[in-house]
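Got your viewer ready? Let's take a short walk through this model, one selection at a time.

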Amino acid sequence: MKGLYFQKSSTNEEITFVFQERENLPITEDNYVKLQVKACALSQINTKLLAEMKMEKEFFPVGREIAGIVLDGILPLDSEDPGLCEVVRVHEHYLVHKPEKVTWTEAAGTIRDGVRAYTALHYLSHLSSGKSVLIMDGASALGMIAIQLAHHRGAKVISTAGSLEDKQCLERLRPSLARVIDVSNGKAHVAESCLEETGGLGVDIVLDAGVRLYSKDDEPAVKLQLLPHKHDIITLLGVGGHWVTTEENLQLDPPDSHCLFLKGATVAFLNDEVWNLSNVQQGKYLCILKDVMEKLSSGVFRPQLDEPIPLYEAKVSMEVVQKNQGRKKQVVQF
């Protein structure tokens, strides 16, 4: 039985993906189940986090968002088994029942981004009806689920688009967005657009997709064009606002902190792995997984999935995903 793993080069710069023959699964222990995988979604592997958690190995299993008979869920960060394999062994605390109406690919393709959206908008920023929300890069897999969750909660949603295709995709959404800000040409002013849309009050919640931290001379051209500067985010944030960032190396200077202090605003970091790093929050985590599946079943969540691919194409597809070159969620179907 083969599984997909990734291996770092000796320089720790290049990542390669390899299929390896796996040993037979050990006898199932208490609270563990054997799961026949029917679909597995592909997501970027945070190699820096693995290094900081001292979880690096010569070969690390690939694929954690899985759906299978009878259960589906997210494999924990320290799982020995790759999701890209026919059968895996999973602790029952990481599983949730799949509604009958939900397909295998939908379950696997939505579970991770659903957890991230819930973590950002529910637990870190207390989303509620009537609030204004800026979701950066709304046409991404995470952005689309976050928009759908915000709309479901009755929020006013603004989003950014990095290309004409993304802009058209966001403008077709129903319910419609309050505003789509096209940043593809680098001329749009995100802060000005958001302040204009909110009557100068600023938005209540910001979920970024990365930010620029430095001057123009120190940033790559692509990043300059598509991402707002941290000062823009602070400017467009309203009083008592919440900034949820995916930028793990965010650096705030004293003037930035002072401005946030005057607004009584908060900055929170979106790391969806925290649910797997402590058993204290296990109950909340399982509630999120269950709610994501229910919203998928009821049509609240409508994931943007690419066409399912067979297992033998997983290696090439994972290389594309790791380089962050894909837009729709990629799912391997067994």
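Start by selecting E65 and K329: their side chains make a polar contact of 3.2 Å. Keep in mind that you're looking at a predicted model.

Stay on E65 and add S43 to your selection. The side chains of E65 and S43 are joined by a polar contact too, this one at 2.9 Å. If you color by secondary structure, you'll find E65 in strand β5, which covers residues 65–69. Is E65 buried or exposed? With a relative accessible area of 2%, E65 counts as buried, because the cut-off for buried is under 20%.

Next stop: helix α4. Select residues 164–171 to bring up α4, then pick out its buried residues, D166, C169 and L170. Now turn the view until you look straight down the axis of α4. The buried residues fall within an arc of 95°, so they line one face of the helix. What covers them? Among the elements over the buried residues of α4 are α3 (141–152), β10 (156–161) and β11 (179–182). Show those three along with α4 to see the cover in place.

Last stop: the surface. Switch on a surface view and select M53, V274 and L277, which form a nonpolar patch there. Together these residues have about 220 Å² of accessible area. Zoom in on L277 and you'll be in helix α9, made of residues 274–277. L277 has a relative accessible area of 38%, so this residue is partly exposed; that label goes to values between the 20% limit for buried and the 50% limit for exposed.

Conventions: Residues are numbered from 1 along each chain as its sequence is written. This is a predicted model: local features need pLDDT of at least 70, side-chain atom pairs count only at pLDDT 80 or more; totals for chains, interfaces and linings use all residues. Side-chain values use heavy atoms; hydrogens and water are left out. Patches are made of residues with over 30% relative accessible area and no salt bridge: like charges are joined within 9 Å, nonpolar side chains (Val, Leu, Ile, Met, Phe, Trp, Tyr) within 5 Å. Accessible areas come from the Shrake-Rupley method with a 1.4 Å probe; for residues, only the protein chains shown count as cover. A salt bridge is a side-chain nitrogen of Lys or Arg within 4 Å of a carboxyl oxygen of Asp or Glu. Helices (H or I, at least four residues) and strands (E, at least two) are DSSP runs, numbered from the N terminus. Buried means under 20% relative accessible area, exposed over 50%, partly exposed in between (1.4 Å probe, protein chains only). A polar contact is a pair of N or O atoms within 3.5 Å; within protein, one must be able to donate a hydrogen and the other to accept it, and residues adjacent in sequence count only if both atoms are side-chain atoms. The arc is that of the directions from the helix axis to the C-beta atoms. Contact means heavy atoms within 4.5 Å.
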